[in-house]
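Please find below a colleague's note on the model under review. It is arranged as numbered points for reading beside the coordinates.

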Amino acid sequence: MKKRFIALLAAGALAFSALPTMAQETASFSFEGEELGVVTNTLEDGGEAQVSDGVLTLDGTYGLYLGEVTNKFAVSALVKVTSEGDSDTLFFKNMGTKDYQKWTGVLSKSGKAAFWSHGSDARNKTVVFESSEANLTEWRHVVYTENAGVGRLYINGLLQGYGNVANGAGDLYLGVTYWEDDAIEAEVRDVKVFDTNLSYEDVFNMYYDNYASDTPRVPDIASEAVEDIELIDMFGTKSVTWETSDESVITTTGKVTRGDEDKTVVLKAYMDGELTNEFTVTVPKKAEIVNEDVLLSYVFDENDTTGVIHDASGNGNHATAYNGLEMTENGAYFDGLDDYVKMPDGILNGHDEITIVFKTTPERQEQHIFAYAFGNSSSEGYIFLNTSRPSTTELRFAATPEGSGSEQAVYYAPGVNIGESAEIVVVLNGTEAALYRDGELLMEGDLGMTVSDLGDTVENYIGKSLYSSDAYYKGLVSEFTVYDKAMTADEVRELYAK
């Protein structure tokens, strides 16, 4: 591709406004004039931007400069793409120069919506969305939001997906990039730029209040549930009420009760009294002791796409994944942004002799990071594992009946380096703890407390700390298993050998 930057200046009949809406609009382009005016760029001078009946026609030779944006912004437009290229770009945020390319773009890959980015923290990473809503060859409402290095793409009010992007302020363009071949052919109308990230609700309401021709609907909920569901009662200015086919399994407030067999429930959502959605939700049967040696085992099957992480032990202690945890053939990829897994409440209470197996390939080292944790709050007691504390390069398992000031730990240096795969095993036998890596004993010690001292813990996570200021875990996790016994050193060594 030709790496010539297209310098763009737009003049003429723009409709500009700064209107207080969900977020502050910094620019609004309505294209109400007959012509937008003369557009100049480095490829050719005097290109005519064609405007008719509120529609701007981009012909693949020019685009528009939309203004400066920070690392927290949003841009929206109604779009119909007519070109069939693999990298035709709708929005482009330039944060660099010709020599130092740092950018993010929202593009059409043969009509499918995508975004890509380049920079020190995201190099040529492309995220493509294949859903019917993402088909840009028909009129679609496209919203791209950015929040300090995390980009999200919405089509027709629904989130298609998100990913890491290069972080920084820059200049925002419509229709062009550094490379002339990426200039898009499309019809565009109603372009808006916002000075901050928009929420899912903001985007949803924008679409259904202004552009949707069919009945509005509430956002989708997961098709399987093992814990209570958050059923909203308001969406923007609209009230939402719910109807359930089985109150004993899922109530109209979202409380989930698991029985002795799997149940399927139909939930109906009403917005301002009108039926908008029907959701079919499966609630798996409650846990029963099938494997007496194993409390739970998560192997992060690639087919777990409903948001439920199934318990491979057969005991029914399923977990719930949040914020788009990616399942791969090698395990679950925690992106370090907001992914985590919530395990059942109180799962360890009464089990003071356990073995925790954690197989991982970390991509982040932080002083304060929890690879997994069981507890009630940052001040009410917890246990946790840190695969590597960068200041001391320690692999560290700790427990406390209160907060961080009371932590007692077993630890060993060096910890797990970024990109290394490791099987970390923690054996708890009453107050005694033993720490293993890849079958070898590293350290033993007395934690001064048992797991049962924590009571019925309700903050049991993989990938998330009990401290809100701590970073999320980043890396691949292929297994998390808790055995209901304290393994001997020989048993741990044999387990790793298998």
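The points below cover the basis of the model, one sheet, one helix, two buried residues and the salt bridges.

1. Basis. This is a predicted model, in which local features need pLDDT of at least 70 and side-chain atom pairs count only at pLDDT 80 or more, while totals for chains, interfaces and linings use all residues. Residues are numbered from 1 along each chain as its sequence is written, and side-chain values use heavy atoms, with hydrogens and water left out.

2. Sheet order. Eight strands form an open sheet with antiparallel pairing, in the order S22-S23-S26-S35-S28-S29-S30-S31. The edges are held by S22 (308-309) and S31 (408-412); each has a single partner strand, so one side of each lacks a neighbour in the sheet. Strands are DSSP runs (E, at least two residues), as are helices (H or I, at least four), numbered from the N terminus; two strands pair if DSSP finds at least two bridges between them.

3. Strand pairings. At one edge, S22 pairs antiparallel with S23 (residues 319-322) over 2 bridges, and Val-308 has Thr-320 as its bridge partner in S23. S23 in turn pairs antiparallel with S26 (residues 340-342) over 3 bridges, where Ala-321 is matched with Val-341. At the other edge, 5 bridges join S30 (residues 394-400) to S31 in the antiparallel sense, with Val-410 in S31 as the bridge partner of Phe-397.

4. Helix H1. Within H1 (residues 200-210), the buried residues include Val-203, Phe-204 and Met-206; buried means under 20% relative accessible area, exposed over 50%, and partly exposed in between (1.4 Å probe, protein chains only). Their cover includes strands S7 (72-81), S12 (140-147) and S16 (185-194). At the start of the helix, a side-chain oxygen of Ser-199 comes to within 3.0 Å of the backbone nitrogen of Asp-202.

5. Thr-360. This residue belongs to strand S27 (residues 353-362) and counts as buried because its relative accessibility is 3%. Its side chain makes a polar contact with that of Tyr-473 at 2.7 Å. A polar contact is a pair of N or O atoms within 3.5 Å; within protein, one must be able to donate a hydrogen and the other to accept it, and residues adjacent in sequence count only if both atoms are side-chain atoms.

6. Gly-63. The loop between S5 (55-59) and S6 (64-69) contains Gly-63, which is buried at a relative accessible area of 0%. Gly-63 and Glu-185 are 122 residues apart in sequence and 9.9 Å apart in space, C-alpha to C-alpha.

7. Salt bridges. The whole structure has 18 salt bridges, each a side-chain nitrogen of Lys or Arg within 4 Å of a carboxyl oxygen of Asp or Glu. In one of them, the closest N and O atoms of Lys-192 and Glu-25 are 3.7 Å apart. Lys-192 is in S16 and Glu-25 in S2 (residues 25-29), so this pair ties together parts 167 residues apart in sequence. Both are buried, and Glu-25, Asp-190 and Lys-192 are linked in a network of salt bridges.

8. Two further pairs. Glu-423 and Lys-359 meet in a salt bridge (3.5 Å, N to O). Glu-423 lies in S32 (residues 422-429) and Lys-359 in S27, so parts 64 residues apart in sequence are tied together. Glu-423 is buried at 6% relative accessibility, whereas Lys-359 is partly exposed at 27%. Glu-407 and Arg-396 form another salt bridge (3.1 Å, N to O), and both are buried.

Note on methods. Contact means heavy atoms within 4.5 Å.
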